[in-house]
Amino acid sequence: MERTLTSEVPGKIGEEIELQGWLHWRRDLGGIQFILLRDRAGIVQVVLPGGHKLPLPESAVRVRGIAVENDKAPGGYEVQAEDLKVLQPSQQPTPVEIPKEEWRANPETLLTYRYVTLRGEKARAPLKVQSALVRGFRKYLDSQGFTEIFTPKLVRAGAEGGANLFEVDYFGESAYLAQSPQLYKQIMVGVYERVYEVAPVWRAEEHATSRHLNEYLSLDVEMGFIESDEDVMALEEELVRAMLEEAAMTAGPELDLLEVSMPGLPREIPRVPYSEAKRIVKEELGLGMGADLNDEAERALGEYFSERYGIDFVFIVQYPESVRPFYTYPTGDGLTRGYDLLFRGLEITSGGQRIHDPAIIVQQLEKKGMEPERFRDYIEVFKYGMPPHGGFAIGAERFTQKLIGLPNVRYARAFPRDRHRLEP
RNA sequence: GGCCCCGUGGUGUAGUUGGUUAACACACCCGCCUGUCACGUGGGAGAUCGCGGGUUCGAGUCCCGUCGGGGCCGCCA
């Protein structure tokens, strides 16, 4: 018999159907037994006549029965079956009760047992939304003439020369886990003009915050033959719109379950110069701050634009050279064509126009007190007609976190890697 | 890296002027129960109270150390 998904049950009232999934929960009244069967599409109640030895929750099961409407059933319908077949039993009780995990367990406990707690409806939903966002990312960029690339994750040196690299042994030599595909995507602009990559990156930073991961999914974009960073932002605007639309269209049940309010995305996201952002933070919001916009300032800016204009996205543009990487395009006045995208007060993107003239790269390296000789391989790449180009990277988990309103970015990754977590 | 907080059955908690069988709920096991939906109900098993040391007649409780974990900040996406 062909399998029916739980979500298709209402459309098959009166028919005999077969369901396969996990025993979500059981209520055994003796002469009548109820089980909730969960599959990839949802949950439906199955009623059995009494007398069965019901397997433990999370057992994989199959039932055949009649789909019926019933006011007494959750959702108004259920499946009446005579028997159930255990495809593979759960061999021990789950560490936390899956249907009740949200209010029976601490968040940290849920991460420890993630291999099974991920099965909870509210645990699995964010990753489904994220999957849709990434699909939207790919679909939109494919439609705009971009080519998906796959760059090495084992590298000899960091893209940004930072110290936050994980060192690995490479046949006796030192290698590192890539902290960014930056250089490679720039090289590939010289090949395909427009490229993107969906891949993990690693940052060996010993922070412990609700928005950091040591391994995260970077949605990288780079494009050639641009006039300025404005072209990059214009693309990102449409890209973000497409990602949200894909999520709304294909992850509707999950967004409903998580009670997500879709963000306010205006036709054009405001471009706020860095100096103006600092002025707002200082004068209008009365916050003190250091050289860069700190986290508190970004949150405050997010609220400022959300409350005043009802928009959840803001570009901060014209960052000063001092707070951007060396490859950021300078405009000669101490500022750059580097920008950040804030989403609900959190930086989800860093981007901008890059330097395409190797002489200027050397000049900027020296200005930052970095040794150009150490970046010889990087500079070499730009000696063969590199067009004006720029790009950005979106932190997939952060985007997901802010869209859904997750308290911690870890829940936007199936198996988060943080300072203390290398398992599961 | 800085500051603050927390470790008690599988899970969530109670137990602090130190006192003898460490309590409760859920889960699990054995019964009863034909419309449950956090099912109900009777019984049962399950914890050397993170670890080590100290104080004391006596430590889950006080002290020291250690390990593990969490939050915020710095920095980043």
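Me: What kinds of residues make up the surface near RNA strand B?
Reply: The model is predicted. In it, that surface divides into 18 nonpolar, 16 polar and 20 charged residues.

Me: Why are Glu97 and Trp103 said to surround RNA strand B?
Reply: A residue counts as near a strand if one of its heavy atoms lies within 4 Å of it. In this model, 54 residues surround RNA strand B. The closest are Glu97, Trp103, Arg104, Arg211 and Arg398, so each of these meets the 4 Å limit.

Me: What share of the RNA atoms within 4 Å of the protein is sugar and phosphate?
Reply: Sugar and phosphate account for 58% of those atoms in RNA strand B.

Me: Why is the approach of Leu29 to RNA strand B called a polar contact?
Reply: The pair must be N or O atoms within 3.5 Å. A polar backbone atom of Leu29 is 3.2 Å from a base nitrogen of the RNA. That is within the limit, so the name fits.

Me: What makes Lys72 and Glu108 fit the same definition?
Reply: A backbone N or O atom of Lys72 lies 2.6 Å from a base oxygen of RNA strand B. For Glu108, a polar side-chain atom lies 2.9 Å from a phosphate oxygen. Both distances are within 3.5 Å, so both pairs qualify.

Me: Which elements give two or more residues to the surface near RNA strand B?
Reply: They include β1 (16-28), β2 (32-39), α9 and β15 (346-354).

Me: What makes β1 and β2 paired strands?
Reply: Pairing needs at least two bridges. β1 and β2 have 6 bridges, in the antiparallel sense, so they pair. One example is Arg26, which stands opposite Ile35 in β2. The two strands form a hairpin with 3 residues between them. Gly30, in the turn, has a positive phi of about 90°.

Me: How do you know that β2 pairs with β3 (residues 42-49)?
Reply: Apply the two-bridge rule again. β2 and β3 share 8 bridges, so they pass. Their sense is antiparallel. Leu37 stands opposite Val44 in β3. This hairpin has 2 residues between its strands.

Me: Why is β2 called mostly covered?
Reply: Buried means under 20% relative accessible area. In β2, 7 of its 8 residues are buried. Across chain A, buried residues make up 50% of the 424 residues.

Me: Why is helix α12 (residues 396-404) described as largely enclosed?
Reply: 8 of its 9 residues are buried, so the rest of the structure largely encloses it. Among them are Ala396, Arg398, Phe399 and Leu403. Just after α12, Gly405 takes a positive phi of about 85°.

Me: Why are β7 (154-155) and β8 (167-170) said to stand at the edges?
Reply: They belong to an open sheet of 3 strands, in the order β7-β9-β8. β7 and β8 each have a single partner strand, so one side of each lacks a neighbour in the sheet. β7 pairs with β9 over 2 bridges, so it just meets the minimum of two. In β9, Leu177 is the bridge partner of Leu154.

Me: Why does the search call its one find a cavity?
Reply: A 1.4 Å probe fits inside but cannot get out, so the space counts as a cavity. The search finds 1 cavity of 30 Å³ or more, with a volume of about 30 Å³. Its lining includes Phe305, Ile311 and Arg344. α9 gives the most to this lining, with 3 residues.

Terms used: Residues are numbered from 1 along each chain as its sequence is written. Chains are lettered from A and ligands numbered from 1 in the order in which they are written. This is a predicted model: local features need pLDDT of at least 70, side-chain atom pairs count only at pLDDT 80 or more; totals for chains, interfaces and linings use all residues. Side-chain values use heavy atoms; hydrogens and water are left out. On a 1 Å grid over the protein atoms alone, a cavity is a set of points where a 1.4 Å probe fits but cannot get out, and a pocket is an open set with protein on both sides within 12 Å along at least five of seven lines; lining residues have an atom within 4 Å of a point. Grid points are joined across faces, edges and corners, and a volume is the space filled by probe spheres set on the points. Helices (H or I, at least four residues) and strands (E, at least two) are DSSP runs, numbered from the N terminus. A polar contact is a pair of N or O atoms within 3.5 Å; within protein, one must be able to donate a hydrogen and the other to accept it, and residues adjacent in sequence count only if both atoms are side-chain atoms. Ala, Val, Leu, Ile, Met, Phe, Trp, Tyr, Cys and Pro count as nonpolar, Asp, Glu, Lys and Arg as charged, and the others, Gly among them, as polar. Buried means under 20% relative accessible area, exposed over 50%, partly exposed in between (1.4 Å probe, protein chains only).
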